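Biologist: I would like to go through this model with you slowly, one question at a time. Could you show it to me before we begin?

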Amino acid sequence: MKTLIFSIETIILFALLLGCSNPKRAFQKANNENTIEAYENFVKDYPNSEQCREAKNNIYSLAYIDALEKNTIAALNEYLTKYNPDSVYVQKTKNSICSLKFENAKKENTIKAYEEFIRECPGSTKIDSAIIKITVLRP
């Protein structure tokens, strides 16, 4: 009886070890969970695996979506701080920040607010609109 228990325990332990040492299975598990934490754990456990780059991209994507859903400059800046320069979403994040800054300038609707926007977001597609607003607001 002891031999049977030992054998079952050995088989279970062996199966667990096989499951844990297989990057493909671990990556599939992370995909099934589809969370930043699951992918970060995968990257930590399998940094040299062929799926590591895809796991990192999934982290960037999920974190970007999370920052966009929060829809605040602070959340988007946090994303840039944490994932810059690796993320493919860096430029999109910067564009989103500038869009929010333009919306804030519109709410404030002062020359100072628009000038600050122009200074902080020189490459924004909203620059022309800010210049027009400044022109209208000037006495």
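Biologist: Which residues of H5 are buried, and where on the helix do they fall?

Modeller: In this predicted model, the buried residues of H5 are Ala-75, Leu-76, Tyr-79, Leu-80 and Tyr-83. When one looks down the axis of H5, these buried residues fall within an arc of 140 degrees, so they line one face of the helix.

Biologist: Which residues of H5 are exposed on the other side, and what covers the buried ones?

Modeller: On the other side of H5 the exposed residues are Ala-74, Glu-78, Thr-81 and Lys-82. The buried residues, by contrast, are covered by parts of the chain that include H3, H4 and H6.

Biologist: How wide is the arc of the buried residues in H3?

Modeller: Helix H3 spans residues 36–45, and its buried residues are Ala-38, Tyr-39, Phe-42 and Val-43. Because these residues, seen down the axis of H3, fall within a limited arc, they line one face of the helix. On the other side of H3, Glu-37 and Lys-44 are exposed. The arc of the buried residues is 135 degrees.

Biologist: Which helix supplies the largest share of the largest nonpolar core?

Modeller: That core has 23 residues, and those with the most contacts inside it include Tyr-39 and Phe-42 as well as Tyr-79 and Tyr-83. At least two residues of the core come from each of H2, H3, H4, H5 and H6. The largest share, seven residues, is supplied by H4.

Biologist: How many residues are in the other core that lies apart from it?

Modeller: Among the residues of this other core are Cys-98, Phe-102, Ala-105 and Ala-113. Its residue count is 10.

Biologist: What kind of aromatic pair do Tyr-64 and Tyr-89 form?

Modeller: A pair of aromatic rings is described by the distance of the centres and the angle of the planes. For Tyr-64 and Tyr-89 the distance is 4.6 Å centre to centre, and the planes are 15 degrees apart. Since planes under 30 degrees apart count as stacked, the pair of Tyr-64 and Tyr-89 is stacked.

Biologist: How many residues apart are Tyr-64 and Tyr-89 along the chain?

Modeller: Tyr-64 lies in helix H4, whereas Tyr-89 lies in the loop between helix H5 and helix H6, and the pair therefore links distant parts of the chain. Their separation is 25 residues.

Biologist: Is Tyr-89 buried or exposed?

Modeller: The cut-off for a buried residue is a relative accessible area under 20%. Because the relative accessibility of Tyr-89 is 18%, this residue counts as buried.

Methods. Residues are numbered from 1 along each chain as its sequence is written. This is a predicted model: local features need pLDDT of at least 70, side-chain atom pairs count only at pLDDT 80 or more; totals for chains, interfaces and linings use all residues. Side-chain values use heavy atoms; hydrogens and water are left out. Buried means under 20% relative accessible area, exposed over 50%, partly exposed in between (1.4 Å probe, protein chains only). Helices (H or I, at least four residues) and strands (E, at least two) are DSSP runs, numbered from the N terminus. The arc is that of the directions from the helix axis to the C-beta atoms. Rings of Phe, Tyr and Trp (its six-membered ring) pair if their centres lie within 6.5 Å; planes under 30 degrees apart count as stacked, over 60 as edge-to-face and the rest as tilted. A nonpolar core is a set of buried Ala, Val, Leu, Ile, Met, Phe, Trp, Tyr and Cys residues joined through side-chain atoms within 4.5 Å. Contact means heavy atoms within 4.5 Å.
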